[in-house]
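I am opening a notebook on a structure that is new to me. I will write down what I look up, step by step, beginning with the sheet and the helices on it.

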Amino acid sequence: MSSRTGAQASCLWGHRACRLVFVFACTFKRALLSCRVTNFDLRLEDCVTGMARLAAESIDLVVTSPPYNLGIRYGKFADTAERGSYLDWCEEWAAQIRRLLRPNGSLFLNLGAAPSNPMLPHELVLRLRKFFVLQNTIHWVKSIALPNDNGDEISSGHFKPINSPRYLNDCHEYVFHLTPNGKTPLDRLALGVPYQDKSNIARWGHTGGRDRRCRGNTWFVPYETIQRRARERPHPATFPVQLATNCILLHGLTRVERMLDPFLGIGNSAVAAHRAGLTSFVGFEIDGEYLGEAKRRLG
Ligand SMILES: C[S@@+](CC[C@H](N)C(=O)[O-])C[C@H]1O[C@@H](n2cnc3c(N)ncnc32)[C@H](O)[C@@H]1O
């Protein structure tokens, strides 16, 4: 018992030093990466045609959100196909992504549903089993109500309210982490969070003395508050930059040479790639207005 306490005491000093070194190394690495200039290749083109021209196994990471076929009013794309032909089309772009991904690559596929159409994301992921293994299912929580320390409910984040006697407000979407063989390694602690109960740091050997645990698969990523949608977010179905940043970090910053978003929209994935200091990014978008906005945001 006493020797254990002694070991902990000597460890505590070690841990503090380790932590300082770790924080310094991370800050240095981040500073180095943020100095890197991302090479952007953004094309006004149908992604199936465009991806077919890229070399096989040339992409490490795909973060994307296709149209969900839920009748969203895009500028150019008609989001109202018959379900079967929509799923057939999804197979076409998914086959290209599979061809392009390196064996240890990741596809983070953001999909939402409508309350009256709840099976769509699941149907699509079932179809994609012929190309990928579902390695993780992440819940992107846009809004949540939690009790604070006084027991009062605090609600945080934004969502589109539904006026319905049957359906709940839809406050989340999925991010399916699909990989070629289910064995893509992840940098779980890059997205880690501190332990609430600090005794866990010493209790679990795998912490290596670091106050950091895996965040898990529920990510609270609220949309930024905006005043004028047409000017500040001129697209009907975006994800926040932070959602894409989380995917980059989880896949492993140092393991991404080239990232792809086949459904670029106004470029939130590209902004995340830029901020993370990735070397190379390729994106496709069929709508010139959205592509123009993406380019404007990237300067
Ligand atoms: C859900 S949105 C993506 C939004 C993006 N994640 C963002 O945050 O801005 C899907 C986008 O795919 C585009 N799109 C639809 N069909 C496409 C195709 N065949 N090739 C490339 N882009 C396409 C649409 O114009 C739309 O902007």
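Which strands does helix α7 lie across? I looked this up with the caution that the model is predicted, and I found that α7, residues 241-251, lies across β2, β3 (101-111), β4 (133-141) and β8, running at about 155° to β2.

**Entry on the sheet.** I then traced the sheet itself, which is open and has 8 strands in the order β1-β10-β9-β2-β3-β7-β4-β8, with mixed pairing. I noted β1 (39-44) and β8 (218-220) as the edge strands, each of which pairs on one side only. For the twist, I read that neighbouring strands of this sheet are turned by 20° against each other on average, with direction ignored. I picked out one pair for a further look: strand β2, at residues 59-64, and strand β9, at residues 258-261, pair in the parallel sense over 2 bridges. Within this pair I found Leu260 of β9 as the bridge partner of Val62. I also checked where α9 sits, and it packs on the sheet, touching β1 and β10 (280-285), with a direction that makes about 165° with that of β1.

**Entry on α7 and α8.** I next asked at what angle the axes of α7 and α8 cross. The answer is roughly 55°, and the axes come within 8 Å, so I describe α7 and α8 as oblique to each other. I recorded the crossing in which α7 passes α8 as right-handed. On the α7 side I listed Val241, Ala244, Thr245 and Ile248 as making the contact, and on the α8 side Asn268, Ser269, Val271, Ala272, Ala273, Arg275 and Ala276. By class, I see that the residues of this contact of α7 with α8 divide into 7 nonpolar, 3 polar and 1 charged.

**Entry on α8 and α9.** I followed α8 on to another partner, and found that α8 (residues 268-276) and α9 (residues 288-298) pack at an angle of about 20°, with their axes 9 Å apart. Because angles under 35 degrees count as roughly parallel, I call α8 roughly parallel to α9. The crossing of α8 and α9 is right-handed. I noted Ala270, Val271 and His274 of α8 and Ala294, Arg297 and Leu298 of α9 as the residues that make the contact, and by class the contact of α8 with α9 has 4 nonpolar, 1 polar and 1 charged residues.

**Entry on α3 and α4.** I turned to helix α3, residues 83-100, and helix α4, residues 120-127, whose axes come within 10 Å and cross at roughly 45°, which makes α3 oblique to α4. I recorded the crossing of α3 and α4 as right-handed. Which residues of α3 and α4 meet? I found Leu87, Cys90 and Glu91 in α3 meeting Glu123, Leu124 and Arg127 in α4. By class, this contact of α3 with α4 has 3 nonpolar, no polar and 3 charged residues.

**Entry on the ligand.** Finally I asked which of the 22 residues around the ligand come nearest. I wrote down Cys47, Thr238, Phe263, Gly265 and Asn268, and I marked Asn268 a second time, as I had already listed this residue on the α8 side of the contact with α7. By class, I find 13 nonpolar, 5 polar and 4 charged residues in the shell around the ligand.

Key. Residues numbered from 1 in each chain as written. Predicted model: local features only at pLDDT ≥ 70, side-chain atom pairs only at ≥ 80, totals over all residues. Axes fitted to C-alpha atoms, helices over the stretch in contact; angles between N-to-C directions. Helix = DSSP H or I, 4+ residues; strand = E, 2+ residues; numbered from the N terminus. Parallel < 35°, antiparallel > 145°, perpendicular 65-115°, else oblique. Left-handed = near helix turned anticlockwise from the far one by under 90°. Contact = placed C-beta atoms within 7 Å. Nonpolar A, V, L, I, M, F, W, Y, C, P; charged D, E, K, R; others polar. Pairing = 2+ DSSP bridges. Near = placed C-beta within 6 Å.
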